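Trainee: Could you take me through one part of this model in some detail? I'd like a close look at how the two chains meet.

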There are 2 protein chains.
Amino acid sequence: MSTTEDTVRNGVDTAQLYGTLDAVKADPTIARFQFRARNHWIGGAHNRTVIRDFYAANQEDGSRTEEFVLDAGEPAILLGTDTGPNPAECLLHALAACLTTSLVYVAAARGVHLTEVESTLEGDMDVRALGLDDDYRNGFTQIRATFHVAGDATEEKLREVVERATKRSAVFDMVTNGVPVAVRVETA
Amino acid sequence: MSTTEDTVRNGVDTAQLYGTLDAVKADPTIARFQFRARNHWIGGAHNRTVIRDFYAANQEDGSRTEEFVLDAGEPAILLGTDTGPNPAECLLHALAACLTTSLVYVAAARGVHLTEVESTLEGDMDVRALGLDDDYRNGFTQIRATFHVAGDATEEKLREVVERATKRSAVFDMVTNGVPVAVRVETA
């Protein structure tokens with residue numbers, strides 16, 4: 001087998017993965033990252049986020065050649081015109097994507113070749129909170145994620161990989177434990 | 001002025017807004033919503049979420065004529081090929097979008113005509129957590145959101161609208177307070 005076949009697993013270069021971990025061990029300051037998003041309102045429930053630059057390894061990372069543009073909206077029943085998924089659905093996307101990537105990276109590190117990862121996420125919300133009744137929380141009361149995972153490992157091993165992925169997922173951590181958010185306002 | 005000019009403010013039909021709130025008051029069971037996302041892994045850090053159907057007002061809502069497709073990825077330094085924003089950036093998008101929509105709806109309800117809403121969100125992360133050191137959390141340690149808001153109201157009033165929006169935003173609630181997430185695994 002070539003070196004590439006040896007080191008790339010699930011589309012993840014494990015040699016680079018271990019190299020990165022070694023580099024962080026040697027100099028923990030490179031582990032400080034900052035991610036960013038810029039949003040502007042277009043009209044009604046329609047707004048747009050642009051994502052590109054970020055800070056990593058002691059410098060601005062300019063490796064991205066294009067920006068990512070994400071539109072948000074609301075369905076008719078929530079007074080929008082479906083200009084994009086709604087913000088709560090975007091949070092489900094963030095969670096699904098992070099758990100999936102974590103799962104794929106953990107599997108790569110543990111020598112598990114995956115053939116399939118699919119997930120369905122559901123979030124329950126009582127919209128009485130949205131202006132009517134302080135007894136109901138605004139966000140989801142509960143999120144359920146069902147993962148379908150297949151690969152060259154025992155069921156026990158695959159379940160271990162998912163378990164480990166939940167412990168390493170940045171968004172799973174944030175969504176389950178919360179993050180302090182400071183909101184500053186400028187008016188003009 | 002026509003009825004439309006009277007009731008549509010910031011692109012939000014306030015007559016419909018109050019109608020919805022009255023309908024929920026009359027029958028709180030219609031306030032139970034369920035939002036969903038389906039994700040599948042494509043390779044490496046690339047995965048894709050499809051969003052369309054949801055449950056609202058005691059039935060499946062079939063009003064959306066198209067599905068929304070969102071790709072996720074990682075930049076090179078995190079072993080990806082920039083197939084989309086990364087999951088933590090998607091969470092910032094969800095938060096920015098939800099605060100913005102809440103702000104626009106609150107302003108509409110309070111008679112404030114907005115001319116501009118822009119925001120920049122930053123999240124700080126120490127990637128030592130991602131496989132190396134349990135002393136660091138996986139998610140952002142802190143998120144900062146800066147809103148630039150302009151409209152036909154005093155600075156005090158605009159600040160009140162933003163303050164109220166943070167109290168009514170579903171994603172702000174989830175990101176700051178956390179949500180229980182149940183993960184189920186199926187293998188094959």
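Mentor: Sure, let's start with the area: chain B and chain A bury about 11300 Å² between them, and carbon and sulfur atoms give 60% of that. On the chain B side, the residues that lose the most area to chain A are B:Phe35, B:Trp41 and B:Leu79, though together they make up 7% of what that side buries. Keep in mind that this is a predicted model.

In terms of residues, the contact takes 127 from chain B and 128 from chain A. As for the polar side of things, 63 residue pairs are in polar contact across the interface of chain B and chain A, counting pairs with both residues at pLDDT 80 or more. Helix 3 of chain B, residues 87-109, gives the most to the side that touches chain A, with 16 residues. Sort that whole side of chain B by type and you get 64 nonpolar, 36 polar and 27 charged residues.

Now the charges. There are six salt bridges between chain B and chain A. One of them has the side chain of B:Arg64 meeting that of A:Asp82, at 3.0 Å from N to O.

Backbone pairing crosses between the chains as well. Strand 9 of chain A (residues 142-151) runs parallel to strand 10 of chain B (residues 181-187), and seven bridges join them. If you want a spot to click on, A:Val149 has B:Thr187 as its bridge partner in strand 10 of chain B.

Then there's the symmetry. Rotate chain B by 180°, with 0.0 Å of shift along the axis, and it superposes on chain A with an RMSD of 0.0 Å. That is the relation of a two-fold axis. In chain B, the residue that comes closest to the rotation axis is B:Gly178, whose C-alpha lies at 2.1 Å. The two copies meet through the same surface, because 100% of the interface residues of chain B are also interface residues in chain A.

While you have chain B up, look at its own strands too. Strand 3 (residues 32-43) pairs with strand 4 (residues 46-51) in the antiparallel sense over five bridges, and B:Arg38 stands opposite B:Val50 in strand 4. The hairpin of strand 3 and strand 4 of chain B has two residues between the strands, and B:Gly44 takes a positive phi near 55° there. Strand 4 of chain B also pairs with strand 7 (residues 68-72), again antiparallel and over five bridges; in that pairing, B:Asn47 stands opposite B:Ala72.

Definitions and conventions:
Residues numbered from 1 in each chain as written. Chains lettered and ligands numbered in written order. Predicted model: local features only at pLDDT ≥ 70, side-chain atom pairs only at ≥ 80, totals over all residues. Heavy atoms only, no water. Contact = heavy atoms within 4.5 Å. Buried area = accessible area lost by both parts, 1.4 Å probe. Salt bridge = Lys/Arg side-chain N within 4 Å of Asp/Glu carboxyl O. Polar contact = N/O pair within 3.5 Å; in protein donor to acceptor, adjacent residues only side chain to side chain. Helix = DSSP H or I, 4+ residues; strand = E, 2+ residues; numbered from the N terminus. Nonpolar A, V, L, I, M, F, W, Y, C, P; charged D, E, K, R; others polar. Pairing = 2+ DSSP bridges. Least-squares fit on C-alpha atoms with pLDDT ≥ 70 in both.
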